[in-house]
Structure formats: structure tokens, C-alpha cells
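Here are a few notes from my pass through the fold, for you to check against the coordinates. I've kept to the sheet and to the way some of the helices pack.

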Amino acid sequence: MAFARKDLLAIEPLSAEEITAILEAAEGFAEVSTREVKKVPTLRGKTVVNLFFEPSTRTRVSFEIAEKRLSADAVNFSSSGSSVSKGETLLDTVRNMEAMAPDVLVIRHSAAGAAEFVARRTRAAVVNAGDGRHEHPTQALLDLFTIRRHKGQIEGLTVAIVGDVQNSRVARSDIHGLTKLGAKVRVCGPPTMLPPRPEVLGVEATTDVRRAVEGADVVMALRIQKERLGRASFPSLREYARFFGIDRSVLAAAPPDAIVMHPGPINRGVELSSDVADGPQSVILDQVESGVAVRMAVIYLLAGGQGEWTS
Ligand code: CP
């Protein structure tokens, strides 16, 4: 098994072999969700705490489902309704969690580096469920898993990532994962939302959305993150949709077998038109489905399940 880390904090430090090991483990777990009884006893007696300091639908629910399908005891914490609203610090919150001996902590936080901060202060394995603008590693893993299932492999594919690349932790994690596994990545968006030095990330950049999707095997739209935009990065959402929104006419510039992805939540009519989001090339709900298998694999590998898992 080529994955033996204490934590999963980012894709950037992982090798292609480590990423592939997680994807292979996820292939094994995907079958569990197709059973009538969607549960394996693998992590019975293990405790996983999901610490969400930022809103989430997909990530939070899918981690909880993944943990329950592994028979771990899943405990959910959200900052609203907790003592964080009384002023308790992240450090004190972690110390108190540590006192209750969890095996795994899953954390989403608005501050880049929050997951690493926690990982250094707990014996539990830590999974980064999104830290500010930094990384969202399990999103990248589920994206890679989904692409592999639809296209057979990652190596040699061309992936167009369109949107707020500079502010997106999803884009950062996806770019690291895709390039490590041998895909060619093009990023596209308004100049204010593109990385200043795309060559450092090993990607090409363009402000022309049709050129970005031309010949692409995968067209990935990113959410406009209103919560992370400082000064206006573009004149209006209408302007953004006009130049960077993916509708049927833009998608027509891509090959007919290109798949369309979006991490969610979608701003319909902004990043994607509804007929594209819900159309035959969309694999957006497959991404959500993949999230459960990938998160089962991650929790299993970090909670010490290095051997064969018990079905
Ligand atoms: N993709 C994603 O992270 O979605 P949520 O914010 O709903 O978890």
C-alpha cells in the first residue's frame, strides 16, 4: 500500500503513487454503496469528529455517510451552535477534542493552514475538508476518481478549468492532482481570477473560454465564491456569465464526448446554464457519488486500515 501518512492535508505533497493508491482503495469501497445493506464493519470502534467551521452540503454529508458506511462512530460539530460562538479559539477547540480521544478529525475552516495547525496539535489523523483558498484534497480525489471512471485514465487528457481559479481551493488541489497524474491543464477566467504565474503550476492560461474548451476531454466550471472575493474581480455576475459562463454554444466548441464537471454549489446561469448542468455531458452528480467512496478510502487509510478491509 503506497499511502502511509498520518494526515491528508493537501494534494501538493502527495506523489502520483499515493494519489493512485487512494483512488484504487476508493474503487473497492464504491461497491459498498450499491449494496442493500450499505455498511462494512471495518472501522467499528473508531471515532471520527467532523469539525465544520464553514458551511457545507456535499462534503459534510458525504464524510458522515462514508464514516457510517465504515461503521465508525461519526460525531458532527459546526461552529454555529458551538462554543466558538462564545469566543473559544480553534486551539482550545482542538485541545478539547483531543481530550476525548478521537481517531480522525475532519476539518473545514476559512483560514488557509487551519488543517495543518490542527494536525500538529493532535494525535488523531486529520483530513482537510477545505481550508480557505489553500486546498480541498478530497474534492480533487473525487474529481480524479470521476474522470478516471468516465475516461479510463488521467494521463494524456486535456482538462479545462474555468472560473475563479486564483481564489479556488478546488482548482489548486485539482491542478496538483491532474498534473501529477499526467493530464494537461488549461485555466480560464477573467485576468483578475487567473494565477499570476500559471507556468509555476504547470498549466496554460487563457481568457478565451472557447479556446479553453477546444479539444478538452473535461470541462470543469468553478463556483464564483462571493465570500472570498475582495474588491470586485469582474464588473457583474451578468458580465461574468456572458464571457465565462458555459452554455450550449460554448460547450459546442469542446468534443462531443467531453464531460462537464462542477464541484457545487452551482450558481445556475452564472458558471453553467441549466441545460449544460443537467445535460447529457454533465457528470456533476457522479462527482457527488464518487465523494462517498473516496472519503471512505481516505478515512480507512488514515484510521489505520492498512490491510485488507473486511467486507
Ligand atoms: N464541493 C463542496 O465542497 O461542496 P460543499 O461546500 O457543499 O461541501
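1. Keep in mind that this is a predicted model. I'd begin in the sheet with β1 (residues 47-52) and β3 (residues 104-109): these two strands run parallel, with five bridges joining them. For a handy landmark in that pairing, look at Asn50, which has Val106 of β3 opposite.

2. Now the sheet as a whole. It is open and has four strands, ordered β2-β1-β3-β4, and the pairing is parallel. The edges are taken by β2 (73-78) and β4 (125-131), each of which pairs on one side only. Going from one strand to the next, the twist averages 15°.

3. Which strands does helix α2 touch? Helix α2 (residues 58-69) packs on the sheet with contacts to β1, β2, β3 and β4, and its direction makes about 160° with that of β2. Helix α3 (residues 90-99) packs on the sheet too, touching β1, β2 and β3. For α3 the angle is quoted against β3, and that comes to about 160°.

4. On to the helix pairs. Helix α1 (residues 16-30) packs with helix α12 (residues 284-302) at an angle of about 115°, and their axes are 8 Å apart. The crossing of α1 past α12 is right-handed. On the α1 side the contact uses Ile22, Ala25, Ala26, Phe29 and Ala30. On the α12 side it is made by Ala293, Val294, Met296, Ala297, Val298, Tyr300 and Leu301. What classes do these residues fall into? The contact of α1 with α12 has 12 nonpolar residues, no polar and no charged.

5. α1 also meets helix α5 (residues 137-151): their axes come within 10 Å and cross at roughly 70°. Angles of 65 to 115 degrees count as roughly perpendicular, so α1 and α5 are roughly perpendicular to each other. This crossing of α1 and α5 is right-handed.

6. Who makes the contact between α1 and α5? From α1 come Ile19, Thr20, Ile22, Leu23, Glu24, Ala26, Glu27 and Ala30. They meet Leu141, Leu144, Phe145, Arg148 and Arg149 of α5. By class, the α1 contact with α5 has eight nonpolar residues, one polar and four charged. Set that beside the contact of α1 with α12, with its no polar and no charged residues.

Methods:
Residues are numbered from 1 along each chain as its sequence is written. This is a predicted model: local features need pLDDT of at least 70, side-chain atom pairs count only at pLDDT 80 or more; totals for chains, interfaces and linings use all residues. Side-chain values use heavy atoms; hydrogens and water are left out. Two strands pair if DSSP finds at least two bridges between them. Axes are lines fitted to C-alpha atoms, for helices over the stretch in contact, and angles run from 0 to 180 degrees between N-to-C directions. Contact means heavy atoms within 4.5 Å. A crossing is left-handed if the near helix is turned anticlockwise from the far one by less than a right angle, and right-handed if clockwise. Ala, Val, Leu, Ile, Met, Phe, Trp, Tyr, Cys and Pro count as nonpolar, Asp, Glu, Lys and Arg as charged, and the others, Gly among them, as polar. Angles under 35 degrees count as roughly parallel, over 145 as roughly antiparallel, 65 to 115 as roughly perpendicular and the rest as oblique.
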